[in-house]
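The following exercises are to be worked through with the sequence and the three-dimensional structure at hand. Each task is followed by a solution in steps.

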Amino acid sequence: MKSVIVIGGGWAGLSCAVHLAGSGYQVTVLEAGKRLGGRASSFVEQKSGRTIDNGQHLFMGCYTETMKFLKTLGTLDKLKFQKNLGVDFVSRTGKISTLSCPRLPSPLHLFAGLLRLDTLSFSEKLGMAKVHRAVQKWDGNGSLSKITVEAWLKSLGQSDRSRRYFWDLITIAALNEKSDVAEADSLAIVLKEAFFGSIEKSQIAISSVGLSDLLNPACSDYLASRGGKIENDKLVTGLNIKDGQIQNIQLRENRTMSADYYVSALPFFALKNILPDALKADSFFGRISHLESSPIFSITLWFDREVMDQEFCALLDTHVQWVFNKNKINRSQETGSCLALVISGARDFMGKSDDEIIKICLEELGGCFPKSKDARPVSHLVQREKNATLSPKVGYAQYRLSQKTPIPNLFLCGDWTDTGYPATIESAVLSGVKASQAIHENRA
Ligand SMILES: Cc1cc2nc3c(=O)[nH]c(=O)nc-3n(C[C@H](O)[C@H](O)[C@H](O)COP(=O)(O)OP(=O)(O)OC[C@H]3O[C@@H](n4cnc5c(N)ncnc54)[C@H](O)[C@@H]3O)c2cc1C
């Protein structure tokens with residue numbers, strides 16, 4: 001049985017490990033932290049005793065590999081899918097405009113859903129068909145990689161209002177970057193796969209349990225039953241190379257571990273730290289230095305009473321882009337409410353204190369949900385994820401690395417590697433499958 005060491009227990013590393021173990025490899029996952037799931041994980045918050053995600057995550061029906069992965073683990077039923085794509089857009093004055101897509105063949109479902117959205121004029125809605133036509137014609141070969149989302153949408157006649165109240169919200173949610181920075185190719189794939197895909201693919205899903213609970217103990221059990229294991233608290237500090245191959249990996253206290261194959265499932269900025277100096281600047285790995293991250297701030301707010309009726313909604317003209325009503329989503333019997341707020345592309349928030357952030361959030365919620373003005377904020381938690389996702393800025397795709405590397409026994413996975421998808425859970429899971437397949441091909 002060939003052995004593999006997977007470095008990193010996020011969604012990419014675990015997807016790779018499960019795929020390899022299912023194909024007959026003996027797999028050891030080494031994870032630096034105490035929990036599994038990396039940037040999409042959860043933990044028990046001490047003050048409230050509640051399970052909190054490391055930032056609210058949305059899944060989409062088009063996350064094909066993620067669904068397969070969770071099905072293998074037996075936890076797919078923990079994702080709650082919307083019956084039809086539906087989102088309430090709430091303005092700062094509390095006005096609600098609803099996108100509610102009926103069960104019609106795609107893309108009719110989306111256009112029928114848009115008709116009821118009263119933030120846009122009829123002609124602005126009709127004009128959106130131009131984006132649909134452009135996406136149908138888009139070749140997927142990087143033809144939109146040199147222009148921003150903003151420039152692309154303007155060239156398709158999208159008005160300021162339709163960009164601000166519709167396309168920008170999709171862009172920031174899916175790409176974690178503003179439309180004047182993000183490349184148009186990345187939005188085109190999201191639109192093709194999700195919004196203009198089948199009704200099933202455009203459905204939004206939310207986990208009804210903590211994100212780590214989707215993975216653990218299912219992954220450990222799956223690997224253990226196939227001769228593998230997951231070791232937490234195992235920080236890998238280096239890759240030792242000899243005769244053009246990885247000889248072993250370096251752990252703390254001068255320990256090393258070896259296997260037939262090695263997979264780095266680390267984010268690009270963490271991979272840089274363990275690469276041998278000789279590789280850091282070579283023509284393959286050196287490309288990493290061109291990649292950048294984009295931040296997400298996640299704010300959890302507890303109130304003494306219900307303040308919103310929806311399970312989740314998008315906010316308009318606010319810094320907070322999305323609000324999730326956790327008690328409703330998790331069918332919790334707890335009194336009061338627990339809201340998860342998301343600020344993506346949060347560069348402007350980097351220097352702000354918790355108090356400043358909470359003040360902004362409360363002001364914005366007060367406008368959007370008048371009930372919150374009478375409610376007492378009981379507690380809060382601010383989570384700053386500086387390196388939340390790979391920034392899909394114009395030209396970035398050429399610097400994403402393939403899962404196969406020039407080192408014959410070293411493979412890569414991670415949401416940032418070249419999958420053709422923006423850096424999401426789906427990209428992470430798909431990259432893990434691709435790395436596993438690359439090992440299999442190498443062996444054959
Ligand atoms: C706040 C937030 C909100 C998001 N929202 C969404 C969303 O709604 N939908 C969506 O699809 N995606 C979303 N994402 C993106 C998604 O979380 C990531 O794309 C995905 O989790 C990346 O998984 P990964 O396995 O590639 O990397 P990671 O999750 O970063 O996994 C890497 C793992 O390696 C470990 N590690 C690091 N260094 C070492 C070392 N030296 N030795 C051993 N282990 C090490 C880390 O502890 C980590 O567990 C969001 C991300 C954030 C932060």
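Glu253 lies in the loop between strand S12 (245-251) and strand S13 (256-257); strands (E, at least two residues) and helices (H or I, at least four) are DSSP runs numbered from the N terminus. The model is a predicted one, in which local features need pLDDT of at least 70, side-chain atom pairs count only at pLDDT 80 or more, and totals for chains, interfaces and linings use all residues. Residues are numbered from 1 along each chain as its sequence is written, and side-chain values use heavy atoms, with hydrogens and water left out.

**Exercise 1. Backbone of two loops**

Task: Determine the sign of phi at Glu253 and state whether Glu253 is buried or exposed.

Solution. Step 1: Most residues other than glycine have a negative phi. Step 2: Glu253, although not a glycine, has a positive phi of about 55 degrees. Step 3: Glu253 has a relative accessible area of 75% and is therefore exposed (buried is under 20%, exposed over 50%, partly exposed in between; 1.4 Å probe, protein chains only). Step 4: For comparison, Asp233 sits in the loop between strand S10 (229-231) and strand S11 (236-242). Asp233 also has a positive phi of about 55 degrees, but at 39% relative accessibility Asp233 counts as partly exposed.

**Exercise 2. Cis peptide bonds**

Task: Locate the cis bond that precedes Pro107 and the one that joins Asn216 to its proline.

Solution. Step 1: The bond from Ser106 to Pro107 is cis, with omega near 0 degrees. Pro107 belongs to the loop between strand S8 (96-100) and helix H3 (108-115). Step 2: Asn216 and Pro217 are joined by a cis bond with omega of about 10 degrees.

**Exercise 3. The interface of domain 1 and domain 2**

Task: Describe what domain 1 and domain 2 bury between them.

Solution. Step 1: Domain 1 comprises 3-75 + 209-291 + 396-443, and domain 2 comprises 97-200; the bounds come from an automatic or database domain assignment. Step 2: The two bury about 670 Å², 68% of it on carbon and sulfur atoms (buried area is the accessible area, 1.4 Å probe, that two parts lose on being put together, summed over both). Step 3: On the side of domain 1, Cys62, Tyr421 and Pro422 lose the most area to domain 2, together 53% of what that side buries. Step 4: The interface has 0 salt bridges (a side-chain nitrogen of Lys or Arg within 4 Å of a carboxyl oxygen of Asp or Glu).
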